[in-house]
Amino acid sequence: MRVLGVDPGLTRCGVGVVEGVAGRPLTMCGVGVVRTPADAELGLRLVAVEQGIEQWLDEYRPEFVAVERVFSQHNVRTVMGTAQASAVAMLCAARRGIPVALHTPSEVKAAVTGSGRADKAQVGAMVTRLLRLDAPPKPADAADALALAICHIWRGPAKDRLQQAAATNGQHQAVAQNRLQQAVAAHASRQASKGRTA
């Protein structure tokens with residue numbers, strides 16, 4: 001499985017590609033940051049993020065894209081830019097038919113370090129260790145992108161199975177509900193017929 005992790009941001013959008021399967025050593029294929037100038041017009045910055053992500057998709061051809069789920073923060077301007085960059089990443093993947101998974105920051109930290117409250121230094125250290133790198137990727141956005149990809153490789157298939165099971169269960173419930181409604185309707189119809197013939 002090859003996953004492109006995207007740590008969304010307007011000024012620095014972390015990107016990292018990891019290949020492997022759960023339970024086996026993972027391999028980093030590439031890591032970097034898509035940057036945009038803070039003083040540029042918003043639309044142009046979003047186009048720059050899109051072009052950067054498209055280049056990564058062209059070069060590495062991932063099977064999945066894992067994006068950090070954006071949470072409300074105190075700084076509304078920051079969260080807006082993060083959400084916009086996140087939407088661009090999802091759009092780029094969807095246009096190519098690549099499945100997108102959203103992972104929360106605490107989910108990623110827990111997957112990589114064992115603690116949902118780990119700091120950036122701990123995440124960077126574990127990413128370095130798990131991918132057998134010489135040094136933690138810089139800046140932290142790049143390490144976070146790799147952590148997202150690792151999290152998806154380890155947790156994605158299990159999450160997919162749970163969603164599939166829930167969907168199948170929902171279908172079974174819908175079929176059962178439909179049969180029950182048909183039986184009730186048939187019973188009501190029989191009762192009405194008896195009433196008319198009586």
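**Reading burial and contacts around A111 and T128**

Author: Leaving aside neighbours within four places in sequence, A111 is in contact with C151, W154 and R155. The model is predicted.

Reader: How far apart are A111 and C151 in sequence and in space?

Author: A contact list may be read together with a C-alpha distance. A111 and C151 are separated by 40 residues in sequence, yet their C-alpha atoms lie 5.6 Å apart.

Reader: Is A111 buried or exposed?

Author: Buried means under 20% relative accessible area. A111 has 12% relative accessibility and therefore counts as buried.

Reader: Which residues of helix 3 are buried, and where do they fall around the helix axis?

Author: A111 lies in helix 3, which covers residues 105-113. The buried residues of this helix are E107, V108, A111 and V112. Viewed down the axis of helix 3, its buried residues fall within an arc of 120 degrees, so they line one face of the helix.

Reader: What phi does G114 take just after helix 3?

Author: G114, just after helix 3, takes a positive phi of about 95 degrees.

Reader: How should the surroundings of T128 be read, and which residues is T128 in contact with?

Author: One may begin with the element and the accessibility. T128 is found in helix 4, residues 120-130, and is buried, with a relative accessible area of 10%. Leaving aside neighbours within four places in sequence, T128 is in contact with L133, D134, A135, P136 and P137.

Reader: Which backbone atom lies 2.7 Å from a polar atom of the T128 side chain?

Author: That atom is the backbone oxygen of G124.

Technical notes
Residues are numbered from 1 along each chain as its sequence is written. This is a predicted model: local features need pLDDT of at least 70, side-chain atom pairs count only at pLDDT 80 or more; totals for chains, interfaces and linings use all residues. Side-chain values use heavy atoms; hydrogens and water are left out. Helices (H or I, at least four residues) and strands (E, at least two) are DSSP runs, numbered from the N terminus. Buried means under 20% relative accessible area, exposed over 50%, partly exposed in between (1.4 Å probe, protein chains only). A polar contact is a pair of N or O atoms within 3.5 Å; within protein, one must be able to donate a hydrogen and the other to accept it, and residues adjacent in sequence count only if both atoms are side-chain atoms. Contact means heavy atoms within 4.5 Å. The arc is that of the directions from the helix axis to the C-beta atoms.
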